[in-house]
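Here are a few short exercises to work through with the viewer open. Try each task yourself before you read its solution.

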Amino acid sequence: WMHVENSLEYPKAITNAFSMVDRMTGTRKSAAVTAAKPDLYALASSDSSSASLIVANYNYLFDWTNKNYSDLTTTENVTVAFKNLPFSGPVTVDRYLIDAQTSNLNYWVAAGNIPPSVQATQLQKVESFSANSSAGSLALPVRQLGQSAVSLWIVHQ
């Protein structure tokens, strides 16, 4: 799960995906994605003061027999909405991302470079903003997920 270079351990993207799951608190909740976007997958949880949602955009062809490997995922615009939140009013939304360039050691390795720091390859928070939950519901602004991207949204009071 780690890449070692010059005695430093750099997390691979899968390590960062596990870190996303580890940041989710409470109990697992149902999550739905539209059938019109079959490459999207979701995992949700919440407790009394936060709600979390991971959305993965993934469609990878892995044909071992014919040695055919390719990412068939298309970039998707994603609208995240929460309902039945255990709280209403002002909230903070933190979003973390793994994609081709963010929280991804392969970005550096594929270019033949050593990352500038271990932190540059760890899970990155890409935005944090204020929002307002009304009657336990919250719709977030549209975000774009590229090929094989994974994003974690955490809503907290």
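**Exercise 1.** Leaving aside neighbours within four places in sequence, which residues is Phe-62 in contact with?

*Solution.* Keep in mind that this is a predicted model.
- Step 1: find Phe-62 in strand 6, which runs over 60–63.
- Step 2: set aside the neighbours within four places in sequence; Phe-62 is then in contact with Asn-68 and Tyr-69.
- Step 3: look at the rings. Phe-62 and Tyr-69 form a tilted aromatic pair, with 5.1 Å from centre to centre and 40 degrees between the planes. The word "tilted" fits because 40 degrees is neither under 30, which would be stacked, nor over 60, which would be edge-to-face.
- Step 4: widen the view. Phe-62, Trp-64 and Tyr-69 form one aromatic cluster, and a search of the whole structure finds four aromatic pairs.

**Exercise 2.** Classify Phe-62, Tyr-69 and Tyr-58 as buried, partly exposed or exposed, then find the surface patch they belong to.

*Solution.*
- Step 1: recall the cut-offs, with buried under 20% relative accessible area and exposed over 50%.
- Step 2: Phe-62 has 58%, so this residue is exposed.
- Step 3: Tyr-69 has 33%, so this residue is partly exposed.
- Step 4: Tyr-58, in the loop between strand 5 and strand 6, has 43% and is therefore partly exposed as well.
- Step 5: put them together. Tyr-41, Tyr-58, Tyr-60, Phe-62, Trp-64 and Tyr-69 make a nonpolar surface patch of about 710 Å².

**Exercise 3.** Describe the largest nonpolar core and the surroundings of Val-55.

*Solution.*
- Step 1: start from a general tendency. In soluble globular proteins, nonpolar side chains tend to be buried together.
- Step 2: here the largest nonpolar core has 20 residues, and those touching the most other members are Val-55, Val-80, Phe-82, Val-93, Leu-138 and Trp-153.
- Step 3: ask which elements give two or more residues to this core; they are strand 4 (40–46), strand 5 (50–57), strand 10 (89–98) and strand 14 (150–156).
- Step 4: zoom in on Val-55. Beyond its neighbours within four places in sequence, Val-55 is in contact with Leu-40, Tyr-41, Val-78, Val-80, Leu-145, Ala-149, Val-150, Ser-151 and Trp-153.
- Step 5: look for another core. One of 10 residues lies apart from the largest, and its members include Met-20, Tyr-96, Val-150 and Leu-152.

**Exercise 4.** Where is Ser-49 placed, and which residues is Ser-49 in contact with, leaving aside its neighbours within four places in sequence?

*Solution.*
- Step 1: Ser-49 sits in the loop between strand 4 and strand 5.
- Step 2: its relative accessible area is 33%, so Ser-49 is partly exposed.
- Step 3: with those neighbours left out, the contacts of Ser-49 are Phe-87, Val-155, His-156 and Gln-157.
- Step 4: try a distance. Ser-49 and Gln-119 are 70 residues apart in sequence, and their C-alpha atoms are 28 Å apart in space.

**Exercise 5.** Sum up the protein chain as a whole.

*Solution.*
- Step 1: count the elements, which come to two helices and 14 strands.
- Step 2: the C-alpha trace spans about 50 × 35 × 25 Å along its principal axes.
- Step 3: of the 157 residues, 35% are buried.
- Step 4: among contacts with a separation of 6 or more, 66% join residues 24 or more positions apart.
- Step 5: the chain exposes about 9000 Å², with 51% supplied by carbon and sulfur atoms.

Definitions and conventions:
Residues numbered from 1 in each chain as written. Predicted model: local features only at pLDDT ≥ 70, side-chain atom pairs only at ≥ 80, totals over all residues. Heavy atoms only, no water. Core = buried A, V, L, I, M, F, W, Y, C linked by side-chain atoms within 4.5 Å. Buried < 20%, exposed > 50% of the residue type's maximum accessible area, 1.4 Å probe, protein only. Contact = heavy atoms within 4.5 Å. Patch = residues over 30% accessible without salt bridge, like charges linked within 9 Å, V, L, I, M, F, W, Y side chains within 5 Å. Areas by Shrake-Rupley, 256 points an atom, 1.4 Å probe, with all protein chains shown as cover. Salt bridge = Lys/Arg side-chain N within 4 Å of Asp/Glu carboxyl O. Phe/Tyr/Trp six-rings, centres within 6.5 Å; stacked < 30°, edge-to-face > 60°.
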